[in-house]
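Me: I am new to reading protein models and would like to go through one with you. Could you take my questions one at a time?

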Amino acid sequence: MELTGAQILLESLGREGVDVLFGFPGGAVIDIYHQFPNYPNLKHVLVRHEQGAIHMADGYARATGKVGVCLVTSGPGATNAVTGIATAYMDSIPVVIITGQVPTPLIGNDAFQEVDIVGITRPCTKHNYLVKDVTKLARTIKEAFYLAQSGRPGPVLIDLPKDIQQQRAAFSYPKKVSMRGYNPHYEPNVKQVRKVAELICKAKNPVLYAGGGVISSSASKELTKLAQAHNIPVTATLMGLGCFPGDDPRWLGMLGMHGTFAANHAISSADLLLAVGARFDDRVTGKLSAFASKATIVHIDIDPTSIQKNVSVDVPVVADCRLFLEALNKELAEVVKSGAPCAPKDAWFEQITAWKKKHPLTYKPAAKDGPIKPQAVVEAIHKLTKGDCIIATEVGQNQMWAAQFFNYTKPRTLLTSGGLGTMGYGFPAAIGAQAAFPEKLVIDVAGDGSIQMCIQELATAVAYNLPVKIVILNNGYLGMVRQWQELFYDRNYCNTCLDVAPDFVKLAEAYGADGFRVKKAEDMEATLKAAFASPKPCIVDVLVDPEENVYPMVPAGKSITEMILV
Amino acid sequence: MRHILSILVENEPGVLSRVSGLFSGRGFNIETLNVAPTLEDGVSIMTITTVGDEQIIEQIIKQLRKLVTVIKVVDLTEVKNVEREMMLLKVSAEDGKRAEILRIVDVFRCKVVDVGFDELTIEITGTQDKLSALINLMQRFGIKEIARTGAVAMRRSMQ
């Protein structure tokens, strides 16, 4: 059976189990769009800006664990997606991006809407392709999906010229692909498992430091089992939140620049640090020489380049986090059965409890009739939803408060741009998650700055009836930059004041969504409740304390125990 | 320390920029780079010499291995190896200088591959040290142009 390139693409997406993709048409992809009516099982969500499409595909991927798919046209369509591609790359999110390209005879001629997107995205994709032969298209798509979700996941881009979309070829979809240059290593080494088990038994002050890799390898259960069975306190990076129940007494909270006092001190006093699927990012470690300086460091990661990159570790382990933890749990169970003695940890937990008591995560409560505290808004969301929702965040103060004051208990419930820190990410990501889970409550915790970066997607949310709730912590500032200016730049609030802002309530209504405003603390819960109950997308514009800061805070370049506290 | 990396790659468009982009994007240095096809269809070999401490070299090798179009990476510095580079060198050779230049060519066991009225082009193969020595000696006659291949290297049979 001969099919056109466009048909081969859509057939192949079907074989990969894709049920929804996010895109925006243009001259170089009309042939693909022309075929959509023939593929009714493939739902296409028409966005209003290509950045929205890629973030939606990313949010879909984070919430489901499946590959997100995004389709854009050549030139500006492709470049508009680049920020979102880099966002997915930094956070290792499996996304496949299809970009249209000018016809092959025109490539390199500066044709209309031509850009070398393969060249542009080479450093921010796991791999990318320019398809020049329609007979290789099906195999390329298979490879792209395989690469995106295997090993350390990441975005893969396929650039598809218009004439290739039109040419015909026999279609057969490969069942398996293998690439001689790509063989991710999953299986743990038995000797290393034994070694780590011995270290755990000996350790008096162990800490588990979990990252996004625990979530992407579905290792949460094994990690929780390890921590609970052997009584090991757990901290997580922003990307790791949700991989360990936040209501467990072993939970220390997030670590790093805005981490908890207990987590940062536990890291600094630990004699054994088990880093699982984390990459020792500068926002986590602060001053490198002081990070976990007393600890034997075990680093488990699927990606060999993550290991020994920032921190010199004692036991490097290249393996899939879930498989390694499974093997480790089995090994430790044997050790316990054999009756081998393990170091007691009572003193360690006493110390941790003392840290937690001394400086819990907190904030100065609002003065009577004073402005609402943004942290209280996040707490109210947690209280009203009982934690049963998906939270997306924008970037900045809103992101940190959403990380600190919401008790995540399940993986894939926090969607946030951790590595790249992309403002404008949260709302489209929430739409992507809502498209995957129409029945779930999906909330974007936003700032008044970030939300304006992809606000146009309100039209998409309304058009497809994806009732995402945007809660704006509206402080009238680009808050995180303002906080840095206040603390480190002589309060020189240069270009961070957003005193001219749209009326977000009217804006929501103009798009056909519901708009709410909260000015007084006593109205907050009722208004949030009404918004959450609405069948429509909503904006809740909460006017919060303009100069509230995110604490604790470790100034850049300082050791993580040198914290500015409330 | 200087390292010689031998890298087998898929011979397809963009592979060179993937490799060179990896170096530039992460602030690693390329001293020399040589690419040519191998006996196997569709596979090329790249020889890169680079300088860095152990941690940087380890990171470079891992990052190279991570590229999908890279098939194999070997650090030849870790084994006994034979390393050669070729250079073409054009030197001023007016009457009166020529005999001296030819004597040096003889001593270095290199050869003259092109002759002009007042210049000679010399082909030399050897280690980088040998090439540098020739450049040093020729400088006083006036070097007009040089072209070097960059190092190529192989593991020695007897380790």
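Me: Which strands of chain A does helix α22 lie across, and at what angle does this helix run to β19(A)?
Reply: Happy to start there, and do keep in mind that this is a predicted model, in which local features need pLDDT of at least 70, side-chain atom pairs count only at pLDDT 80 or more, and totals for chains, interfaces and linings use all residues. Residues are numbered from 1 along each chain as its sequence is written, chains are lettered from A and ligands numbered from 1 in the order in which they are written, and side-chain values use heavy atoms, with hydrogens and water left out. Helices (H or I, at least four residues) and strands (E, at least two) are DSSP runs numbered from the N terminus, while axes are lines fitted to C-alpha atoms, for helices over the stretch in contact, with angles from 0 to 180 degrees between N-to-C directions. Helix α22 (residues 521-533) of chain A lies across β17 (442-447), β18, β19 and β20 of chain A, and its angle to β19(A) is about 170°.

Me: What is the order of the six strands in the open sheet of chain A, and which two stand at the edges?
Reply: Two strands pair if DSSP finds at least two bridges between them. With parallel pairing, the order in chain A is β16-β15-β17-β18-β20-β19. Each edge strand has a single partner, so one side of each is left without a neighbour in the sheet: these are β16 (414-415) and β19 (514-518) of chain A.

Me: Which residue stands opposite A:I391?
Reply: Strand β15 (residues 390-393) of chain A runs parallel to β16(A), and two bridges join them. Opposite A:I391, in β16(A), stands A:L414.

Me: How many residues does each chain bring to the contact, and which three of chain A supply 42% of the area it buries against chain B?
Reply: Contact means heavy atoms within 4.5 Å, and here chain A gives 16 residues and chain B gives 19 residues. Buried area is the accessible area (1.4 Å probe) that two parts lose on being put together, summed over both; for chain A and chain B this is about 1,500 Å², with 45% of it on carbon and sulfur atoms. The three residues that supply 42% of what chain A buries against chain B, more than any other three, are A:R122, A:R180 and A:T305.

Me: How many salt bridges are there between chain A and chain B, and which residue of chain B forms one with A:R180?
Reply: A salt bridge is a side-chain nitrogen of Lys or Arg within 4 Å of a carboxyl oxygen of Asp or Glu. Between chain A and chain B the count is three. In the one with A:R180, the closest N and O atoms are 2.9 Å apart, and the partner is B:E40.

Me: Where in chain A are the two ends of the salt bridge between A:E16 and A:K142, and how many residues apart are they?
Reply: The side chains of A:E16 and A:K142 meet at 3.6 Å, N to O. A:E16 is in the loop between α1 (5-15) and β2 (20-23) of chain A, and A:K142 is in helix α7 (residues 137-149) of chain A, so far along the chain that the pair links distant parts of it. The separation is 126 residues.Me: What is the strand order of the open sheet in chain B, and how many bridges join its β1 to β3?
Reply: Four strands form this sheet with antiparallel pairing, in the order β2-β3-β1-β4 (chain B). The twist averages 15° from one strand to the next. Strand β1 (residues 2-10) of chain B faces B:I45 of β3(B) with B:L8. The bridges between β1 and strand β3 (residues 43-51) of chain B number nine.

Me: Which two residues does a cis peptide bond join in chain A?
Reply: Most peptide bonds are trans. In this cis bond omega is about 0°, and its proline is placed in the segment after β20 of chain A. The two residues are A:Y551 and A:P552.
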